[in-house]
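This report is meant for a reader who is meeting the structure for the first time. It begins where the two chains meet and then turns to the sheets and helices inside each of them.

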2 protein chains.
Amino acid sequence: MLEMISYEAMLEIALEEAKIGHAEGGVPIGAALFDRITGNLLGRGHNKRVQDGDPSSHGETDAFRNAGRQRSYRDTIMVTTLAPCWYCSGLIIQFGIGTVIVGESETFQGGIDWLKEHGVKIIQMDSIECKQLLSGFIHEHPEIWNEDIGEL
Amino acid sequence: MLEMISYEAMLEIALEEAKIGHAEGGVPIGAALFDRITGNLLGRGHNKRVQDGDPSSHGETDAFRNAGRQRSYRDTIMVTTLAPCWYCSGLIIQFGIGTVIVGESETFQGGIDWLKEHGVKIIQMDSIECKQLLSGFIHEHPEIWNEDIGEL
């Protein structure tokens with residue numbers, strides 16, 4: 001039970017980031033990187049495609065960047081409001097991030113199965129708030145969403 | 001023959017970036033994104049882990065970022081001095097970059113096979129200069145290299 005509370009508290013940070021992105025007029029996806037042992041927040045961030053004109057800034061990569069250089073990621077947890085795309089899944093696999101908390105994977109499936117194959121522990125939160133925030137944005141700005149996932 | 005000259009000229013830009021990174025004391029890996037149809041340079045960049053304390057800045061992601069928002073990547077060529085890691089391979093697959101010119105894949109194999117499976121056209125340049133530049137750096141700074149590819 002304690003663990004579930006902790007996961008929910010972590011997702012809350014990612015969701016805060018998604019809401020900041022939304023308020024900025026951007027794609028509302030947020031993420032954060034935590035130390036699994038201490039529970040310390042290492043970095044948090046959100047998608048900045050629109051705000052910064054930066055297509056490389058997905059929620060996960062922004063949180064990863066803001067965490068700065070880390071010697072190892074084995075004992076870190078990446079929490080994200082949306083299932084990570086191939087790009088962000090590749091980040092997780094390359095750097096050996098051990099656990100990923102996924103706000104929702106209904107709007108977008110991403111690389112969940114690939115992550116599992118590589119031994120990444122996936123925790124699905126099935127958050128209605130995450131779904132509503134993103135699906136509302138996609139409804140209003142389908143062209144930005146398609147650009148963000150590389151779909152024509 | 002014209003195409004080979006063109007690929008070599010593209011690799012030369014990536015190599016210039018790698019050398020800039022080296023001169024800055026960073027991991028000497030560079031990349032650039034080109035329009036395949038016009039041959040125009042869209043963005044160029046290099047690994048900035050050391051210089052900016054930014055672990056998200058691999059050669060490929062830095063070039064991708066510097067190219068700004070693009071509507072489609074199908075007709076782009078990513079040229080890189082080194083075979084892309086899982087993170088950068090994920091970027092290439094997610095955004096549908098059609099062609100990747102690889103300076104060398106001897107020092108590091110990365111996701112070459114995975115890219116091929118996804119229909120990405122891979123052009124191997126087997127560049128001695130790329131190999132020497134990176135292997136020299138790895139010899140001098142093995143700990144930074146290992147950090148850059150997520151190895152303990």
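In this predicted model, chain B and chain A bury about 2,800 Å² between them, and carbon and sulfur atoms give 62% of that area. The contact involves 32 residues of chain B and 32 residues of chain A. On the side of chain B, the residues that lose the most area to chain A are Arg69(B), Tyr87(B) and Gln94(B), which together account for 26% of what that side buries.

Charged pairs also span the interface, where 4 salt bridges are found between chain B and chain A. One of the salt bridges in the model links Arg69(A) with Glu147(B), and the closest N and O atoms of this pair are 2.7 Å apart.

Helices take part in the meeting of the chains as well. Helix H4 of chain A, residues 86–94, and helix H4 of chain B, also residues 86–94, have axes that come within 7 Å and cross at roughly 170°. Because angles over 145 degrees count as roughly antiparallel, H4(A) is described as roughly antiparallel to H4(B). From H4(A) the contact draws on Trp86(A), Tyr87(A), Gly90(A), Leu91(A), Ile93(A) and Gln94(A), while H4(B) contributes Trp86(B), Tyr87(B), Gly90(B), Leu91(B), Ile93(B) and Gln94(B). Of the residues in this contact between H4(A) and H4(B), 8 are nonpolar and 4 are polar, with no charged residue.

Within chain B, H4(B) also packs against H3(B), and the table sets the two helix pairs side by side.

| Helix pair | Axis distance | Angle |
|---|---|---|
| H4(A) and H4(B) | within 7 Å | roughly 170° |
| H3(B) and H4(B) | 8 Å | about 35° |

In the pair within chain B, Glu60(B), Thr61(B) and Phe64(B) of H3(B) meet Tyr87(B), Cys88(B) and Leu91(B) of H4(B). The residues of this contact between H3(B) and H4(B) comprise 4 nonpolar, 1 polar and 1 charged. Tyr87(B) thus appears in the contact with H3(B), and Tyr87(B) is also among the residues of H4(B) that touch H4(A).

The sheet of chain B is open and has 5 strands, which follow the order S2-S1-S3-S4-S5 with mixed pairing. Strand S2 (41–46) and strand S5 (121–124) of chain B each have a single partner strand, so one side of each is left without a neighbour in the sheet. From one strand to the next, the twist averages 15°. Strand S4 of chain B, residues 99–102, runs parallel to S5(B) and is joined to it by 4 bridges, and in this part of the sheet Val100(B) has Ile122(B) of S5(B) as its bridge partner. Helix H3 of chain B, residues 59–66, packs on the sheet, where it touches strands S1 (30–35), S2 and S3 (76–80), and its direction makes about 140° with that of S2(B).

Chain A likewise holds an open sheet of 5 strands in the order S2-S1-S3-S4-S5, with mixed pairing. Its edge strands are S2 (41–46) and S5 (121–124) of chain A, each of which pairs on one side only, and the twist averages 15° from one strand to the next. Strand S1 of chain A, residues 30–35, runs antiparallel to S2(A), with 5 bridges joining the two strands, and Leu33(A) stands opposite Gly43(A) in S2(A). Helix H3 of chain A, residues 59–66, packs on this sheet by touching S1, S2 and strand S3 (76–80) of chain A, and the direction of the helix makes about 140° with that of S2(A).

Notes:
Residues numbered from 1 in each chain as written. Chains lettered and ligands numbered in written order. Predicted model: local features only at pLDDT ≥ 70, side-chain atom pairs only at ≥ 80, totals over all residues. Heavy atoms only, no water. Pairing = 2+ DSSP bridges. Axes fitted to C-alpha atoms, helices over the stretch in contact; angles between N-to-C directions. Contact = heavy atoms within 4.5 Å. Parallel < 35°, antiparallel > 145°, perpendicular 65-115°, else oblique. Nonpolar A, V, L, I, M, F, W, Y, C, P; charged D, E, K, R; others polar. Buried area = accessible area lost by both parts, 1.4 Å probe. Salt bridge = Lys/Arg side-chain N within 4 Å of Asp/Glu carboxyl O.
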